[in-house]
Amino acid sequence: MCGACRNAIVRVVGAKQQAMIEKATERLWVLGPITLVALFVSGALLLLLRPWLARYMLAQPSARSSHHRPTPQGGGIAVVLAVLVAVWVSFSLGLLQNEASQLLVVTAATTLLALVDAIDDIRSLPAATRLALQCIAVGAVITALPSDVHILPQVSSSIERAGVFVIGVWLVNLVNFMDGIDWMTVAEVVPVTTAILALGLGGIIGALPTVIAAALLGAILGFAPFNRPVAKVFLGDVGSLPIGLLLGWILLQLAGNGHLAAAVILPLYYLADATITLVGRIVRGEPIWQAHRAHFYQRATDRGFAVREVITRVFLLNFTLAALAFITVAAQNVLVSLAMACVGVGAVVWLLAVFARGKFRPAGGG
């Protein structure tokens, strides 16, 4: 190749990289304030709501809980409201053009779950009622998806949507099942939303899921100081189920943009811990709707790990999974995606084994 041709290619590639950096910087200037708005609203609402939560939504300790004193729950009210406020402010500023219909449906479904589970946090509702309303929320969100969104083009649309519905209901409950110790939801939501936000900055995923990820990141960061061990406020079902819906919808958008491997790898620890635990309880004939301490992270705290030690390991694993997901997006190669998925599965299995085994204690130790 002649020197002039090589120089021309270098100039073109450099110009493209420069343009990408400039676009990412522009998006960051927009998305950064969205995250900050959600963080401020979430933290301010929690300060205002704590006395009310302590009076009407107090979680009493039990043999199956991880806390030892009455603690207000329902902090998810602030998280959900902060997300919705930040997203709708973005819409009002014209940042989400042509996204009104999907935004309305996602907002309605999120609000429905939040209202139902706020009632459940105060006065328990029948499990069948909650499941039916979850199905309505998930079904509405899936129905509102554009017809050209396909995860597996070789599968018929009706079969794919049915599978997405089942997975969606499971993801809605996933955060609720895993929200059993302080900061566990923070350790999941922060890495996943940070990864989605970074992909959005690069133009890999659309504006609406990127804005929702930015808002959810800010809202959960506003909640984090109140939930750090030992927690002053719990998320509650009012927060965990809507967060599950929003995360599931964001990951669905990522998969629909041709990045199925990344969408599976990002929540892999949550999926593995919750699914293995659920299957084990079903096999043992245990009622799956009752509270328990069978999750791997709960067994870890029962077997010598401090809560902070568990959360640190989950944080590190989730950021590792985020890095693996980035590699699959950058490579756009089936073999690379399979390799990264295998690495992710191996890392998750290793941590589950560490949690199941418990902390090493020297012989004769107390």
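## A charge over a ring

Let's start with a neat detail: Arg299 lies over the face of Phe296, at 4.5 Å from the ring centre. Please keep in mind throughout that this is a predicted model.

## The chain as a whole

Stepping back, the secondary structure of the chain comes to 13 helices and 2 strands. There are 366 residues in the chain, and buried ones make up 48% of them. Among the contacts with a separation of 6 or more, 76% are accounted for by residues 24 or more positions apart.

What about the outside? The accessible surface of the chain comes to about 17400 Å². Carbon and sulfur atoms own 69% of that surface.

## The nonpolar cores

The largest nonpolar core has 101 residues. If you want to find the ones with the most contacts inside this core, look for Val87, Ile243, Leu266, Tyr269, Val310 and Phe355. Helix α7, spanning residues 207-227, supplies the largest share of this core with 13 residues. Apart from the largest core lies another one, of 5 residues, including Val80, Leu84, Ala114 and Ala118.

Ile243 is a good place to zoom in. Leaving aside residues up to four places away in sequence, Ile243 touches Val79, Val175, Val189, Leu216, Ile220 and Leu235.

## Two buried polar residues

Which residues does Thr193 touch, not counting those up to four places away in sequence? They are Ala213, Leu216, Leu217 and Leu247. Thr193 itself has its place in helix α6 (residues 184-201). With a relative accessible area of 1%, Thr193 counts as buried, because the cut-off for that label is under 20%. Leu216 turns up here as a contact of Thr193, and it is also touched by Ile243.

Asn173 makes a nice companion to look at. Its home is helix α5 (residues 157-178), and Asn173 is buried, with a relative accessible area of 12%. Beyond residues up to four places away in sequence, Asn173 touches Gln134 and Leu241.

## Salt bridges

How many salt bridges does the structure hold? The count is 5. In one of them, the side chains of Arg130 and Asp120 meet at 3.5 Å, N to O. This pair links distant parts of the chain, with Arg130 in helix α4 (residues 127-143) and Asp120 in helix α3 (residues 100-122), 10 residues apart. Both partners are worth a look from the inside, as Arg130 is buried and so is Asp120.

Asp302 and Arg293 form another salt bridge, with the closest N and O atoms 2.8 Å apart. Here the partners have separate labels: Asp302 is partly exposed at a relative accessible area of 47%, while Arg293 is buried at 18%.

Then there is the salt bridge between the side chains of Glu309 and Lys359, at 2.7 Å, N to O. Glu309 lies in helix α12 (residues 307-331) and Lys359 in the segment after α13 (334-357), so this pair ties together parts that are 50 residues apart in sequence. Glu309 is partly exposed, with a relative accessible area of 23%, and Lys359 also counts as partly exposed, at 37%. Elsewhere, salt bridges that share partners join Asp117, Asp120, Arg130 and Asp237 into one network.

## Aromatic pairs

The structure holds 5 aromatic pairs. One of them is formed by Phe305 and Phe355, edge-to-face, at 6.0 Å centre to centre and with 75° between the planes. Phe305 lies in the loop between α11 (296-302) and α12, and Phe355 in helix α13, so the pair ties together parts that are 50 residues apart in sequence. Both Phe305 and Phe355 are buried. You have already met Phe355 among the residues with the most contacts inside the largest nonpolar core.

Phe315 and Phe319 form a pair that is stacked, 6.3 Å centre to centre with 10° between the planes. Where do these two rings sit? Both Phe315 and Phe319 lie in helix α12, 4 residues apart, which is about one turn of the helix. Phe319 is partly exposed, with a relative accessible area of 39%.

Technical notes: Residues numbered from 1 in each chain as written. Predicted model: local features only at pLDDT ≥ 70, side-chain atom pairs only at ≥ 80, totals over all residues. Heavy atoms only, no water. Core = buried A, V, L, I, M, F, W, Y, C linked by side-chain atoms within 4.5 Å. Buried < 20%, exposed > 50% of the residue type's maximum accessible area, 1.4 Å probe, protein only. Contact = heavy atoms within 4.5 Å. Salt bridge = Lys/Arg side-chain N within 4 Å of Asp/Glu carboxyl O. Phe/Tyr/Trp six-rings, centres within 6.5 Å; stacked < 30°, edge-to-face > 60°. Lys NZ or Arg CZ within 6 Å of the ring centre and 35° of its normal. Areas by Shrake-Rupley, 256 points an atom, 1.4 Å probe, with all protein chains shown as cover.
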